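User: I have a model open and would like to understand the labels people attach to it. Could you take me through the reasoning behind them?

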Amino acid sequence: MSTSPVGDEPALVKALVIGLATGIVGLLIVLPLIAVFAQAFVKGWDAYLAALVEPDARAAIRLTLLVTALSLTANTVMGLVMAWAITKFEFRGKSLLISLIDLPFSVSPVVAGLVFVLLFGAQGYFGPWLIDNGWKIIFSWPGITLATIFVTFPFVARELIPLMQEQGTREEEAAVTLGAGGWRVFSRVTLPNIKWALLYGVLLCNARAMGEFGAVSVVSGHVRGETNTIPLQVEILYNEYQFQASFAVASLLALLAIVTLLAKTVLEARLGRSGGGH
Amino acid sequence: MSLHFRSAAVAALVAALAAPLAYSPPVRAADVTLLNVSYDPTRELYSQFNRLFAERYKAETGKSVEIKTSHGGSGKQARSVIDGLDADVVTLALAYDIDAIADRGFLAKDWQQRLPDNASPYTSTIVFLVRKGNPKGIKDWNDLTKPGVQVITPNPKTSGGARWNYLGAWAYALKQSGGDAEKAKAFVGEIYKHVPVLDTGARGSTVTFTERGVGDVLLAWENEAFLSKKEFGDDKFDIVVPSLSILAEPPVAVVDRNVARKGTREVAEAYLKLLYSKEGQTLAAENFYRPRDPEVAKAYAKVFPTLELVTIDDPAFGGWRKAQQTHFADGGVFDQIYSN
């Protein structure tokens, strides 16, 4: 006679809870998203486009693309190496290494930025030598890239490690037995097994890299048209009473969020079907 | 599915490789590039002044110059220059912030004697911006501590304007109490009990007050108060001029070490010199900074109200180094009153 307790709830309670959940999402997530676009287009299409092609905005978009491309490349390679080392080999200090990968998630972005100032600033450990030799790290794109790599470091490795752990090393061992070399094993056996998880990690990494504010703000120096990324440019425009332009630039990040969400949904479906191994 | 993946991977790779190409470092159209690291409210002034300078410099030397700017809280900006932000010139909110840069060997310690008027081509003061009609009836500093009044001012640790705000209140309290520092401390402490949020820079506080609608009164740079009225319309805010305030002297300097490395001393010096010219002074006045030049000052006299102004070199403060040490250093008077 017993049915599930949830099924027993009166229809009213059910409607109330669902209504509440929808309301919360609507109020906290959908409404602000709509507000961004409403503000961005408050003066129409022309003003919207004008805000995006303005030289400082264009420079910010270029810089964000550069930093993101470099961070994604670096983190994809490093993530693969980390995951490979951790899941295919046994060695001392492995659990410590796993914990350290997660460190960027638990460190405040401001601290992440300050670390690089401490290392590469004019008063830092390597700063004076670098400046004397004409290297600009912080307050320039290399520093911004380093800070971005730091905060987005865990995404790829975090996605790959559980999957590769689950898959084990049997297929690779079989391939080696059949005479395949290291690169061949990786490209023909390992990579096809992890491809969707890898893309998923890269996707998350991408979203965070483009949107990072705190760490980048510390190492940017805020030079107009040179060291401001999209999020920093949004703040500058807002502080200059250019609200429409600020939201127009912000809408790029909002669009990115929507695209990421869609891509995530597609990838999750793929992961569900093929990611869980064989 | 493998085909799918391969094309996706190729697309991602192409995107990753194409992005740096799209970046293609900005074409150096200009013969010289100059970086002016400035404080928060000067954005509008320097965006106009940079254009003026580029025109004048081109006319005089035939060379084109591009001026980059960076804005933020004055103390934070000084810190960035100390950490290696390679400013050719600094145009900050108060002398102590440039002193701090000089202390690290970036420029000569006597920098303030190298240009006229304490190296401050324009001055300003601290006034109150209130909501239209002044509903809380704020007339002077003592009204800031009335029950129910919320005061907006930035953090004196990071903002130059905030330090001027603080010292203005202090000067007023000293005068009221006949020079009693303990009473001044209690009064200034009471004001900070009425501050709901400390932004890091003056512009952040202005936005908090004007755009977010927080607070009853904004302690503001005079130029920032005028600008807010201009941006948002006369029907939104009123400016209240207190009986006494502080003469703020925002100084400018060439950063010796950086211009020596970049070979930009000559253009950096020309840039600062133009600030003192009739054209530069007029532009400053147009942006609501009080000009030094007597003729320009006379032409704009009706814009700027007259009030009693105390300077930082008044015996009560004894110059910026002493004021900084007493009030804003770690464990100084501000820390004591703000932690209570």
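Analyst: Happy to. This is a predicted model, and a good place to begin is chain B, where 22 residues of domain 1 are in contact with 24 residues of domain 2.

User: What makes two residues count as being in contact there?

Analyst: The test is distance: the C-beta atoms, placed from the backbone, have to lie within 7 Å. By that test, domain 1 of chain B contributes 22 residues and domain 2 of chain B contributes 24.

User: Which elements supply the domain 1 side of that contact in chain B?

Analyst: Helix H3 (74-82) and H4 of chain B are the elements giving two or more residues to the side that touches domain 2. H4(B) gives the most, with 4 residues. Sorted by class, that side of domain 1 of chain B has 10 nonpolar, 5 polar and 7 charged residues.

User: Where do the two domains of chain B run, and how far apart are their centres?

Analyst: Domain 1 of chain B covers 32-120 + 249-299, while domain 2 covers 124-248 + 307-339. Taken over C-alpha atoms, their centres are separated by 25 Å.

User: Back to H4(B). Why is H4(B) described by that particular orientation word relative to H13(B)?

Analyst: The axes of H4(B) and helix H13 (residues 319-328) of chain B come within 9 Å and cross at roughly 90 degrees. That makes H4(B) roughly perpendicular to H13(B), because angles of 65 to 115 degrees count as roughly perpendicular.

User: Which residues meet there, and how do you know their classes?

Analyst: From H4(B) come B:Ala95, B:Tyr96 and B:Asp99, and they meet B:Trp320, B:Arg321 and B:Gln324 of H13(B). By class, this contact has 3 nonpolar, 1 polar and 2 charged residues. The sorting follows residue type: Ala, Tyr and Trp count as nonpolar, Asp and Arg as charged, and Gln falls among the others, which are polar.

User: What about H7(B) and H8(B): why are they called oblique?

Analyst: Helix H7 (residues 202-210) and helix H8 (residues 222-232) of chain B have axes that come within 11 Å and cross at roughly 40 degrees. Angles under 35 degrees would count as roughly parallel, and 65 to 115 as roughly perpendicular. The angle fits neither range, so H7(B) and H8(B) are oblique to each other.

User: What is the hand of that crossing, and which residues make the contact?

Analyst: H7(B) passes H8(B) in a right-handed crossing. B:Ala202, B:Thr206 and B:Thr210 in H7(B) meet B:Glu224, B:Ser228 and B:Phe232 in H8(B). The contact has 2 nonpolar, 3 polar and 1 charged residues.

User: Now a loop. Why is B:Asp117 called partly exposed?

Analyst: B:Asp117 has 14 other C-beta atoms within 10 Å. A residue needs 20 or more to be buried and 12 or fewer to be exposed, so B:Asp117 falls in between and is partly exposed. B:Asp117 is placed in the loop between helix H4 (95-103) and strand E4 (122-131) of chain B.

User: And what makes B:Asn118 partly exposed?

Analyst: With 16 C-beta neighbours inside 10 Å, B:Asn118 also lies between those two cut-offs, so it counts as partly exposed. B:Asn118 is in the loop between H4 and E4 of chain B.

User: What is notable about the backbone of these two residues?

Analyst: B:Asp117 has a positive phi of about 55 degrees although it is not a glycine. B:Asn118 is not a glycine either, and its phi is positive at about 55 degrees.

User: How many helices and strands does each chain have, and how much of each is buried?

Analyst: Chain A has 15 helices and 0 strands, and 40% of its 278 residues are buried. Chain B has 14 helices and 11 strands, with 46% of its 340 residues buried.

User: Finally, how is chain A divided, and what does the contact between its domains consist of?

Analyst: Chain A is divided into domain 1 (1-40) and domain 2 (44-275). The contact takes 5 residues from domain 1 of chain A and 8 from domain 2. On the domain 1 side of chain A there are 4 nonpolar, 1 polar and no charged residues. The centres of these two domains of chain A, taken over C-alpha atoms, are 33 Å apart.

Definitions and conventions
Residues are numbered from 1 along each chain as its sequence is written. Chains are lettered from A and ligands numbered from 1 in the order in which they are written. This is a predicted model: local features need pLDDT of at least 70, side-chain atom pairs count only at pLDDT 80 or more; totals for chains, interfaces and linings use all residues. Axes are lines fitted to C-alpha atoms, for helices over the stretch in contact, and angles run from 0 to 180 degrees between N-to-C directions. Angles under 35 degrees count as roughly parallel, over 145 as roughly antiparallel, 65 to 115 as roughly perpendicular and the rest as oblique. A crossing is left-handed if the near helix is turned anticlockwise from the far one by less than a right angle, and right-handed if clockwise. Domain bounds come from an automatic or database domain assignment.
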